[in-house]
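Could you walk me through this protein model? I'm new to this, so please keep it simple.

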Amino acid sequence: MDKESTVAAKVEEPVARITRARAKALGTSGGIPPPVPKPYLKEDQKRALRANTKRTASDDNKSFITAVSGLQHKRRAVLKDVTNLKSESSNASCTNVTKVQDMDVKPARKCHAKKNMEMVDISMETSEAEEDIKARLAEELSKIRMVESQEITSPTRQKGICHHIKNGCAADSLLTPRVTDELQSPQSKQENIFCKKLESSSGQVIADIDSNLKDPQICGLYAPEIYSNRRVKELDQRPSTNYMEKLQHDITPSMRGILIDWLVEVSEEYRLVPDTLYLTVNLIDRFLSENFIEKQRLQLLGVTCMLIASKYEEICAPRVEEFCFITDNTYTRREVLKMERQVLNLLYFQISVPTTKTFLRRFIQAAQASYKAPCIELEFLANYLAELTLVEYDFLKILPSLIAASAVFLARWTLDQSDHPWNPTLEHYTSYNASELKTTVLALEDLQLNTNGCPLNAIREKYRQQKLKSVANMTSTQRVLSLFER
């Protein structure tokens with residue numbers, strides 16, 4: 001390039017225009033040298049010249065051209081790495097890259113090794129901690145056994161242990177608080193707390209009827225609170241005990257008994273659950289406590305209350321037309337629906353009320369705790385005695401929970417007169433002692449023996465069936481009054 005540029009510089013450019021003829025003449029005479037060939041330009045220089053010409057062409061394309069040139073630079077740099085040509089600089093860069101990669105990998109491996117060592121140390125520490133806990137537990141259990149062997153004969157020690165928990169609550173309660181906090185689950189802790197409450201409240205052997213239930217729908221952990229709430233509700237939503245004397249002048253207690261006796265037959269006809277019958281009677285008494293009714297419409301009130309109770313308790317409640325049919329079409333569908341609105345508005349739609357059946361389930365469960373196997377006759381007999389009170393107007397003065405406890409008391413006495421029917425477990429769960437049940441139990445025994453000669457036999461015929469173990473025919477050889485005279 002330098003040589004060609006110097007040669008071109010030595011040539012003097014002619015001042016005037018040179019034509020072909022003149023150039024030929026000058027060439028023959030030697031005045032002008034032969035034309036020098038254009039210098040050879042490399043491809044890179046041509047591209048640079050073209051870029052310069054294009055760059056000066058317009059000012060609007062400056063940004064676009066610079067962007068393209070930048071892209072070409074990047075493309076050229078990438079192509080250097082993938083070429084087959086070897087150079088010292090490329091080899092040096094490759095070696096530098098490999099060194100950097102090695103430097104990056106080695107510390108990472110060291111970090112992983114350190115982490116693995118730390119995990120091994122942690123696992124060894126946890127295993128050692130577990131072994132220490134097990135060793136401490138074994139030592140404390142051995143101490144407890146030694147103390148028990150020394151104090152097993154003392155009566156105070158025997159009273160202090162909860163023998164009644166079926167799932168091993170007694171053994172867990174003997175452990176120290178530090179060991180139980182480490183090893184017990186939250187549910188077992190709650191059961192132990194409940195065990196301590198039972199122990200401190202009575203000081204006698206009480207069976208925990210809520211600890212061994214596997215059905216989650218029974219809600220064993222919340223059952224005590226639920227039934228405590230029910231005991232409060234039975235005081236709030238009670239019918240009047242003297243509405244026949246104060247408000248109802250067209251009907252009598254015997255008419256009420258006839259209506260309920262007929263409703264028992266209706267419930268058997270449609271195979272309704274016992275809760276429907278109890279709720280029906282409750283709705284009738286609550287309505288009659290606040291509203292006067294004629295005797296011609298008493299049966300209409302009965303079937304309407306059973307319709308409402310069926311909608312609340314039954315899975316498939318009978319239709320309105322079926323209740324009209326059971327009354328021999330004495331009342332129309334419109335009359336039943338009108339009475340339904342009247343009852344619900346008067347009671348402010350408060351249908352969920354505790355009845356005798358609500359408490360009877362709980363108390364029968366507590367009574368079955370003293371048996372090795374469930375006694376079916378006890379359940380049927382207690383239900384029979386409780387249903388006998390439905391037709392009796394005088395039993396409105398007694399709380400449903402007290403009637404249920406008295407029914408269990410008399411049923412246990414009817415089945416077995418060799419032992420006292422009341423025990424600490426029943427006293428705990430019913431909150432009634434034997435002396436508080438005396439009046440109700442004696443009244444129930446009169447109903448069982450039918451000393452008044454009541455002609456209403458629907459409930460008696462119902463429980464004389466073989467499928468219900470014919471409990472209506474059972475009576476005790478000894479009167480229950482003898483228990484309260486001791």
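Here are a few questions and answers about the model.

Reader: What kind of model is this, and how many helices does the protein chain have?
Author: It's a predicted model, where local features need pLDDT of at least 70, side-chain atom pairs count only at pLDDT 80 or more, and totals for chains, interfaces and linings use all residues. Residues are numbered from 1 along each chain as its sequence is written, and side-chain values use heavy atoms, leaving out hydrogens and water. Helices (H or I, at least four residues) and strands (E, at least two) are DSSP runs numbered from the N terminus. The chain has zero strands, and its helices number 23.

Reader: Which helix gives the largest share of the largest nonpolar core?
Author: A nonpolar core is a set of buried Ala, Val, Leu, Ile, Met, Phe, Trp, Tyr and Cys residues joined through side-chain atoms within 4.5 Å; buried means under 20% relative accessible area, with a 1.4 Å probe and protein chains only. The largest one has 89 residues, with Leu301, Tyr384 and Leu385 having the most contacts inside it. Its largest share, 10 residues, comes from helix 19 (residues 400-415).

Reader: Which side chain of opposite charge is nearest to Arg286?
Author: Arg286 sits in helix 13 (residues 274-288). Lys and Arg count as positive, Asp and Glu as negative, with His and the chain ends not counted. Arg286 is buried but has no salt bridge, meaning a side-chain nitrogen of Lys or Arg within 4 Å of a carboxyl oxygen of Asp or Glu. At 6.7 Å, the nearest opposite charge is on Glu290.

Note on methods. Buried means under 20% relative accessible area, exposed over 50%, partly exposed in between (1.4 Å probe, protein chains only).
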